[in-house]
Protein chains: 2
Amino acid sequence: MKINPYEVSGRLDYEKAVKDFGLSIIDEKLKKKMKKVPRLIKNNYFFAHRDFDKILEYHKKGKKFSIVSGRGPSENIHLGHIPLYIFVKELQEIFGCYVFIPFSDDEKFFAKDIDYKTVGKYSIENAKDILALGFDPKKTEIFIDSIHMKSDLYNIAVESAKKLTMSTVKAIYGFKNEQNIGLHFYPAMQAAHILYPTVKYNMPVVVPIGIDQDPHIRAARDVASKIKIKKPASLESRFLPSLTGDAKMGASEMGAIYLKDSPEIVKKKINNSFTGGKDTLKEQEEKGGSPEICPINDYFQILFETEEETKNRKKLCILGKRSCGACKVELIEKINKFLKDHKKKRDKVNIQKFVRD
Amino acid sequence: MKINPYEVSGRLDYEKAVKDFGLSIIDEKLKKKMKKVPRLIKNNYFFAHRDFDKILEYHKKGKKFSIVSGRGPSENIHLGHIPLYIFVKELQEIFGCYVFIPFSDDEKFFAKDIDYKTVGKYSIENAKDILALGFDPKKTEIFIDSIHMKSDLYNIAVESAKKLTMSTVKAIYGFKNEQNIGLHFYPAMQAAHILYPTVKYNMPVVVPIGIDQDPHIRAARDVASKIKIKKPASLESRFLPSLTGDAKMGASEMGAIYLKDSPEIVKKKINNSFTGGKDTLKEQEEKGGSPEICPINDYFQILFETEEETKNRKKLCILGKRSCGACKVELIEKINKFLKDHKKKRDKVNIQKFVRD
């Protein structure tokens, strides 16, 4: 098993990762402290945390906290990117949080063989896709590094950079001397993104992330304690798997469903998907399917369903009373409806409403 | 002999440095191409260059060039910092250049055990000291990294960073892994300062610098050719020596005259200065002095005199017809007048006039 910002592979053992990273499980006791439990915590997609209990105590006193949820822009957003922002939106609705969404086109440029202007354009397009999910413009701020850079943020990166030695970032990220100095500096800008609401608005921060991004949280927490501000908390998720059965949906031709995909392409991709079903309908009816390894199941569960709905569907599958075909037909319909609605909302997004001076 | 951005020591052999660094001497042929030769080139203080001949050819066609002359801010500006800006001002007058003055408080913070806010304040105070020399507000822009950071500049640093590997900056600057990542990234921001007028206004750049700063020029030229813009030219100077006889005036109690020094302190420091004179007045009259090793001579020459005036004073010294005492009395008067006038001008500086959006 490998889980780090640059690689997720192998058969994932989330419990081991929690232990290795020093995280806490989101347990019933913690859930009881929330005035409403977000759907993606109820169904265990977000399953681990650091210090979220402290954030809830702070919030109980009537104080505001904020969420930082950044994105390394890419040419096309796929469904694997969406649950995070569905979750952030629900947190904003439940807790009235301020949400800060930084776009690290600088990092993408440092890490990939790509033109800087091109990554800048991706940032704008990705921002539209995310904001189309319906964030409150009064409480949501986006920041594209290549467009909105200002002293407020740069200075936090400078303060953070002074607290991170080259040895430290090499140890955390495994950078090599043959790589460019931008990549080596980026952890400071990343920390600045995470610490921005705390430094600028004096609000504690929660960062919802895929568990593979945890090293960034550790680095930012280390910096926070050195510059004597509140350490950021985190809420950490599993992954939306690839349609091919890989642990994490990444950019790929057949494994990922892109927001731009036509209904026909969605249909084709899902019909070709790996599932937890048996080879024949007869066998499925006799022995039942294995929803725990089925990406189709995960899509229903993570993108659309309540806990109850998931439980019922899984039960029918295990009992052999539901075929993969039926699941696929339903999922195609649900995803195509989601994409159609999303496109409409996206066309109405004015990203300037989400930019602060 | 050691000449690099972090150390200047030993008996300086400027000719060897020119050869080692691959510079060209500012010769009579080049001087003839200037519509007026600046005082500090006439008296050989600025004595070497890279590509300044190309800049003059460009200017001859009626096109504008620009000067970048940055400063790593310090608590107090001393006289050793002034000749550079006297020179820049004269270049602006002769050639009508646009002048860009960046203040790298970020680098100072990375390199020293100092508070970031404090270095920011130094930047503002240093800017006033420099602008008091009388730059044209329409053609001069200051940029304090901690106050004025914006995408325009940050993005050039990002493009530069991508072209500089960690191996390269380690080789040029000798940074160690125990040092912070800010310091390792700074060469990219430095390159951005130098390349800013070329990227933003499409104007070729000349950087007037002390010869110890030449590695920065080499790095910026390397970046410029990689991002396919005009390589910056340079004009390189000797040093204003310390009053104690050291090769370069650095921050020190008795070796440097600060702009804030009172007339009494200036008098005391100069009276205590090392000179090229003999031990006794009698011996001086018999054998004559050695102006070539005398910091008092250099102060007259670099700060105040025309070539002719220097020649006359040196001649009298060598012939034993002028005592160190007489030189000191005159220099004290000249420096105190300069400082008094400078203070008046400084009080009237409005740095906002020099800041662009």
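At 31% relative accessibility, Lys334(A) falls into the partly exposed class, because that class runs from 20% up to 50%. Its partner in a salt bridge is Glu330(A), with 3.6 Å between N and O. Glu330(A) has a relative accessible area of 27%, so this residue counts as partly exposed too. Both side chains belong to helix H17 of chain A, which covers residues 324–347. Lys334(A) and Glu330(A) sit 4 residues apart there, or about one turn of the helix. All of this comes from a predicted model.

Chain B offers a pair with a similar layout. Here Glu283(B) and Lys287(B) form a salt bridge, and their closest N and O atoms are 3.6 Å apart. The two residues are 4 residues apart in helix H14 of chain B (residues 281–287), so about one helical turn separates them. Glu283(B) is partly exposed, with a relative accessible area of 23%. Lys287(B), on the other hand, reaches 57% relative accessibility and so counts as exposed, the cut-off being over 50%.

Not every salt bridge stays within one helix. Arg221(A) pairs up with Asp51(A), and the closest N and O atoms of this salt bridge are 3.1 Å apart. Arg221(A) is part of helix H12 (residues 214–226) of chain A, while Asp51(A) is in the loop between strand S4 (46–50) and helix H4 (52–60), so the bridge ties together parts of the chain that are 170 residues apart in sequence. Both Arg221(A) and Asp51(A) are buried. Salt bridges can also link up into a network, as happens with Glu125(A), Lys128(A), Asp129(A) and Arg346(A). Over all chains, the search of the whole structure turns up 46 salt bridges.

Next comes the way chain A is divided up. Its domain assignment gives domain 1 (4–238) and domain 2 (263–345). Taken over C-alpha atoms, the centres of these domains of chain A are 30 Å apart. Where the two meet, 12 residues of domain 1 are in contact with 12 residues of domain 2. About 1,100 Å² is buried between the two domains of chain A, with carbon and sulfur atoms giving 67% of that area. There are 0 salt bridges between domain 1 and domain 2 of chain A, but 6 residue pairs are in polar contact. On the side of domain 1 that touches domain 2, helix H3 (39–42) and helix H5 (82–95) of chain A each supply at least two residues.

How do the two chains relate to each other? A turn of 180 degrees, with a shift of 0.0 Å along the axis, lays chain B on chain A with an RMSD of 0.0 Å. That is how copies related by a two-fold axis behave. Within chain B, the C-alpha nearest the axis belongs to Lys150(B), at 2.4 Å from it. The same surface is put to use in both copies, as 100% of the contact residues of chain B recur in chain A.

The contact between the chains takes 36 residues from chain B and 36 residues from chain A. Together, chain B and chain A bury about 3,000 Å², and 64% of this area is on carbon and sulfur atoms. Tyr154(B), Lys162(B) and Ile181(B) supply 26% of the area that chain B buries against chain A, more than any other three residues. Across this interface there are 0 salt bridges, while 22 residue pairs are in polar contact between the chains. Several helices of chain B each bring at least two residues to the side that touches chain A, among them helix H6 (105–111), helix H10 (166–173) and helix H11 (181–201). The largest share of that side comes from H9(B), with 7 residues.

One residue gives a close-up of this region. Lys170(A) lies in helix H10 (residues 166–173) of chain A. With 16% relative accessibility, Lys170(A) is under the 20% cut-off and so counts as buried. Leaving aside neighbours within four places in sequence, Lys170(A) is in contact with Phe175(A), Lys176(A), Asn177(A) and His184(A), and also with Asn177(B) from the other chain. The side chains of Lys170(A) and Asn177(A) are joined by a polar contact of 2.7 Å. As for His184(A), its C-alpha is 7.8 Å from that of Lys170(A), with the two residues 14 residues apart in sequence.

Terms used. Residues are numbered from 1 along each chain as its sequence is written. Chains are lettered from A and ligands numbered from 1 in the order in which they are written. This is a predicted model: local features need pLDDT of at least 70, side-chain atom pairs count only at pLDDT 80 or more; totals for chains, interfaces and linings use all residues. Side-chain values use heavy atoms; hydrogens and water are left out. Copies are superposed by least squares on the C-alpha atoms of residues with pLDDT of at least 70 in both. Contact means heavy atoms within 4.5 Å. A salt bridge is a side-chain nitrogen of Lys or Arg within 4 Å of a carboxyl oxygen of Asp or Glu. Buried means under 20% relative accessible area, exposed over 50%, partly exposed in between (1.4 Å probe, protein chains only). Domain bounds come from an automatic or database domain assignment. Buried area is the accessible area (1.4 Å probe) that two parts lose on being put together, summed over both. A polar contact is a pair of N or O atoms within 3.5 Å; within protein, one must be able to donate a hydrogen and the other to accept it, and residues adjacent in sequence count only if both atoms are side-chain atoms.
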